[in-house]
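User: Could you walk me through this model with me? I'd like to begin with one buried side chain and then move outwards.

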Amino acid sequence: MNIHALRKQEEPDFIRIWQECFGDSEEVIREFLSYFKNTLRLFVLEDEGRICASLSQFRMGSWISGSGLESGPDVLVSYAIGTEGASRGRGYGSAITAFARDRAVEEGNVSLLCPANQGLVDFYRPLGYQTIFRMNEGFLDLKEKANAGKSQKNSFAASGFRNIPGAFYCSMRERFLQGRVHISLSEDAVRAITECAPPEGAFWISSDDSVIFAAEAGEDPEEYRILECLTRNGSVCGRPRLIEILQGSGRSALRFRVPLNEADGAENQGLVQAMAVLPEGLIMPDSPEDCISGERKLPWFGFPFE
């Protein structure tokens, strides 16, 4: 068994495994990879002369400590981890995941995963990954409000929001999240969200600059997906305010995610949004020294890529 960086002649096998595992077209695969071309690393596992598994790794941003805006280690996301059907059950998925993990951590970076389903959480834990962010997913069926708003050319704007460039969103996001452990966004990550945005745009801010949110188009043209929604005081936008924003969208279906913290209940509540292996010297903020006003500074993730 040999794991190595993808060679040009192995691209057809890489595409083949991705398509078999996730069902995407070659066009969609290449488009996604193009978003992260500046930091993209592609790996394959070869056994007995055959490419059996593949993995993509890209830089999402930097790990920002809660003590300020200083940039920490890079956060490298392992994505589209797949093993061809005929080769499953032989440990290839674990092997290639561990390979990418070790490469990232040995470089002093964070290795991050976004489990595509809950069944993968238990698969990744033995590889050293710990849950760093959980959330609940919500869905609103707003057909009546959508029909009432179809005449509005820009419905979010009509609700008191204005579209802003990705760079400005990131700047405001850093201000909003100052004092919280979070992951900044790389230019490549912003590019990916922008390319997947609804016609009106991906990044929005309220007229009083108190709320920012990012949205992308859903598979259905009438559906929006809210990726994150933050308030000026650094807190996650509450569900009532978020629903108010969504109801002004003019779309018939809206999906959104609400972060969970330890006060919300048991560890298995909600969906696991992100798991990570941290490099030596980097710890999760779970001690009294990491608290503000008696509240734990939970890390903020945002922007899923499952």
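User: Is Glu228 buried or exposed?

Analyst: Glu228 counts as buried, because its relative accessibility is 2%, where buried means under 20% relative accessible area, exposed over 50% and partly exposed in between, with a 1.4 Å probe and protein chains only. This is a predicted model, in which local features need pLDDT of at least 70 and side-chain atom pairs count only at pLDDT 80 or more, whereas totals for chains, interfaces and linings use all residues. Residues are numbered from 1 along each chain as its sequence is written, and side-chain values use heavy atoms, with hydrogens and water left out.

User: Where is Glu228 found, and which side chain does a polar contact join to Glu228?

Analyst: Glu228 is found in strand 11; helices (H or I, at least four residues) and strands (E, at least two) are DSSP runs numbered from the N terminus. Its side chain is joined to that of Tyr169 by a polar contact of 2.8 Å, meaning a pair of N or O atoms within 3.5 Å of which, within protein, one must be able to donate a hydrogen and the other to accept it, while residues adjacent in sequence count only if both atoms are side-chain atoms.

User: What else is Glu228 in contact with?

Analyst: Leaving aside neighbours within four places in sequence, the contacts (heavy atoms within 4.5 Å) of Glu228 include Arg173, Ile212, Phe213, Ala214 and Trp300.

User: Okay, helix 8 next: which residues are buried there, and what do they pack against?

Analyst: In helix 8, residues 187-195, the buried ones are Asp188, Ala189, Val190, Ala192 and Ile193. They pack against helix 2 (26-35), strand 3 (50-64), helix 7 (166-176), strand 9 (203-206), strand 10 (211-217) and strand 11 (223-231), the last of these being the strand in which Glu228 is found.

User: And for the chain overall, how many helices and strands, and how much is buried?

Analyst: The protein chain has 9 helices and 15 strands, and 52% of its 306 residues count as buried. Among its contacts with a separation of 6 or more, 71% come from residues 24 or more positions apart.

User: Switching to aromatics, how many pairs are there, and which residues form a cluster?

Analyst: The structure holds 17 aromatic pairs, a pair being rings of Phe, Tyr and Trp (its six-membered ring) with centres within 6.5 Å, and planes under 30 degrees apart counting as stacked, over 60 as edge-to-face and the rest as tilted. Ring pairs link Phe14, Trp18, Phe22, Phe32, Tyr35, Phe36, Phe58 and Tyr79 into a cluster.
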